[in-house]
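Biologist: I've got a model open and I'd like to learn how to read it. Can you walk me through the features one by one?

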Amino acid sequence: MSDNPVHDRIRQEIDDNQVVLFMKGTPVFPQCGFSAQVVQILSHLGVKFKGVDVLSDPGIRDGIKQFSDWPTIPQLYIKGNFVGGCDIVREMHQSGELEGLLHRHGIAHAHQH
């Protein structure tokens with residue numbers, strides 16, 4: 001355990017769930033357009049993921065930015081690895097790279113053709 005309880009909680013979420021999206025709002029009610037876009041992409045790919053609402057937890061909201069060294073939210077993690085924010089996820093989706101990543105990690109998703 002580190003001496004940073006927020007980072008420990010973030011690590012726990014990432015360890016416990018194959019796909020985690022730190023976002024503003026919830027998957028059902030995203031509170032920002034960027035979070036909504038990533039939710040839409042993951043839903044489109046049929047990926048089960050855990051949404052962590054940073055708005056309901058200011059500690060996580062600040063902590064995740066330090067944890068990943070990435071200044072913005074949303075942040076997508078797959079199998080414990082930071083993938084990126086909205087723009088990166090969107091580009092990876094368009095190029096087919098995101099689906100490849102899911103496939104390599106053995107994460108169930110709908111195949112796109």
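Biologist: How many of the 113 residues are buried, as a percentage?

Modeller: Buried means under 20% relative accessible area, exposed means over 50%, and partly exposed lies in between, with a 1.4 Å probe and protein chains only. Here, buried residues make up 40% of the 113 in the protein chain. Bear in mind that this is a predicted model, where local features need pLDDT of at least 70, side-chain atom pairs count only at pLDDT 80 or more, and totals for chains, interfaces and linings use all residues. Residues are numbered from 1 along each chain as its sequence is written, and side-chain values use heavy atoms, leaving out hydrogens and water.

Biologist: Which helices and strands does the chain have, and in what pattern?

Modeller: Both are DSSP runs numbered from the N terminus: helices are H or I with at least four residues, strands are E with at least two. This chain has five helices and four strands, following α-β-α-β-α-β-β-α-α along the sequence.

Biologist: And how do the strands form a sheet?

Modeller: Strands of a sheet pair through backbone hydrogen bonds, either parallel or antiparallel. Two strands count as paired if DSSP finds at least two bridges between them. In this case, four strands form an open sheet with mixed pairing, ordered E2-E1-E3-E4. Strand E2 (50–53) and strand E4 (81–84) are the edges, each pairing on one side only.

Biologist: What joins E1 to E3?

Modeller: Four bridges link strand E1 (residues 19–23) to strand E3 (residues 75–78), and the two run antiparallel. Leu-21 has Leu-76 in E3 as its bridge partner.
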